[in-house]
Amino acid sequence: MQIDDSSTQIASALSRLSLFLRSAGWQAAHARGLTPTQAEILAHLARRGPSRPGALAAALGVTPATLSDAAAALVAKGLAVRDRDPADARAVHLRPTQAGKAAAEALSGPPEALDAALHGLAPAEAGALLRSLTGIIRTLQEARAIPVQRMCATCRHFRPHVHADATRPHHCAFVDAAFGDAGLRVDCGDHEEAEGRERARLWARFRDAA
Ligand code: SF4
């Protein structure tokens, strides 16, 4: 029997999880009369607030045409409205209505079966998993293979390994609080991208000081 290398096995495991998440997401969105893209737009708007269509398309990794169709459907369903952007009267942004926020809330969180599986992890296991996933996502982001992710590892407020407490070695300067690997965020509303050299320095400290 040929034993595959670990990268093949990890990719296979991620692929299976991705299939499960996509299928569960489709079913949950369908039950509410939404397409997966419409559900993703609502979730993004609920987390981050009003957004311009171009920025939304880039963040979700869809084409402007796909975004435009999905946004028009959300407006027609009363789940989102188009407003003038207060920062630029010539621009339009999309914001969720109360009904849109309620739909996003109902669709948030992992599927029940995955939630149960993740709650079965010990805190150290959850932290190690988040740390590994953070590294993979960051590498893909740096290679421009995926859109920019609003995660601690690239945030100018992140202070990795600055506390002696092994369970909470990191610090978030935005909320002024210590946290551990299990508290790493991969989609934070308060994230502000660090500039290139600082981003590399943060990553080196996070990776090497573990
Ligand atoms: S602001 Fe958010 S992304 Fe940035 S360090 Fe704090 S928790 Fe992490």
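## A tour of the predicted model

Helices α1 (6–31) and α7 (123–142) each put at least two residues into a nonpolar patch. That patch sits on the surface of what is, to be clear from the start, a predicted model. Its members are Ile10, Leu14, Leu17, Leu118, Leu121, Leu129, Leu133, Ile136 and Leu140, and together they offer about 680 Å² of accessible area. The biggest giver is α7, with four residues. Leucine 140, for one, belongs to helix α7. With a relative accessible area of 36%, leucine 140 is partly exposed, and that clears the bar for a patch, which takes residues with over 30%.

**Salt bridges**

Stay with α7 for a moment, as its residue glutamate 142 makes a good way into the charged side of the story. Glutamate 142 and arginine 199 form a salt bridge, their closest N and O atoms being 3.1 Å apart. One end is in helix α7 and the other in helix α8, so this pair ties together parts that lie 57 residues apart in sequence. Arginine 199 has another partner too: glutamate 193, at 3.4 Å between the closest N and O atoms.

How is arginine 199 placed, buried or exposed? It is buried, at a relative accessible area of 18%, because the cut-off for that label is under 20%. Its two partners come out as partly exposed: glutamate 142 has 36%, and glutamate 193 has 32%.

Elsewhere, arginine 47 and aspartate 187 meet through their side chains in a salt bridge of 2.6 Å, N to O. This one links distant parts of the chain, with arginine 47 in helix α2 and aspartate 187 in the loop between β5 and α8 (196–208), 140 residues apart. Both ends are partly exposed, arginine 47 at 45% relative accessible area and aspartate 187 at 26%. Shared partners also join Arg47, Arg48 and Asp187 into one salt-bridge network. Across the model, the count of salt bridges comes to ten. Here are the ones just described:

| Pair | N to O distance |
|---|---|
| Arginine 47 and aspartate 187 | 2.6 Å |
| Glutamate 142 and arginine 199 | 3.1 Å |
| Arginine 199 and glutamate 193 | 3.4 Å |

**The β1–β2 hairpin and arginine 95**

Arg48 also gives a handy reference point for strand β2. Arginine 95, found in β2, is 47 residues from arginine 48 in sequence, yet their C-alpha atoms are 9.8 Å apart in space. Leaving aside residues up to four places away in sequence, arginine 95 touches Leu45, Pro50, Ala80, Val81 and Asp83. Arginine 95 still counts as partly exposed, at 33% relative accessibility.

Several of those contacts fall in β1 (residues 80–85), which pairs with β2 in the antiparallel sense over six bridges. A hairpin joins the two strands through two residues. Within that pairing, arginine 82 stands opposite leucine 94 of β2.

**Helix α3 and its buried face**

Strand β2 turns up again as a packing partner of helix α3. Which residues of α3 (residues 53–60) are buried? They are Leu56, Ala57 and Leu60. Look down the helix axis and the buried residues fall within an arc of 100°, so they line one face of α3. That fits the general picture: an α-helix has 3.6 residues a turn, so residues three or four places apart point the same way. The buried residues pack against α2 (36–48), α4 (64–76) and β2 (88–96). Right after α3 comes glycine 61, with a positive phi near 70°.

**The three-stranded sheet and two odd phi values**

Farther along, three strands make an open sheet in the order β3-β4-β5, with antiparallel pairing. Strands β3 (158–159) and β5 (177–179) stand at the edges with a single partner strand each, so one side of each has no neighbour in the sheet. The pairing of β4 (residues 170–172) with β5 runs over three bridges, and histidine 171 stands opposite alanine 178 in β5.

Two backbone spots around this sheet deserve a look. Most residues other than glycine have a negative phi. Aspartate 176, in the loop between β4 and β5, has a positive phi of about 55° although it is not a glycine. Arginine 144, in the loop between α7 and β3, likewise is not a glycine and has a positive phi of about 60°. Both are exposed, aspartate 176 at 59% relative accessible area and arginine 144 at 76%.

Terms used. Residues are numbered from 1 along each chain as its sequence is written. This is a predicted model: local features need pLDDT of at least 70, side-chain atom pairs count only at pLDDT 80 or more; totals for chains, interfaces and linings use all residues. Side-chain values use heavy atoms; hydrogens and water are left out. Patches are made of residues with over 30% relative accessible area and no salt bridge: like charges are joined within 9 Å, nonpolar side chains (Val, Leu, Ile, Met, Phe, Trp, Tyr) within 5 Å. Accessible areas come from the Shrake-Rupley method with a 1.4 Å probe; for residues, only the protein chains shown count as cover. A salt bridge is a side-chain nitrogen of Lys or Arg within 4 Å of a carboxyl oxygen of Asp or Glu. Buried means under 20% relative accessible area, exposed over 50%, partly exposed in between (1.4 Å probe, protein chains only). Two strands pair if DSSP finds at least two bridges between them. The arc is that of the directions from the helix axis to the C-beta atoms. Contact means heavy atoms within 4.5 Å.
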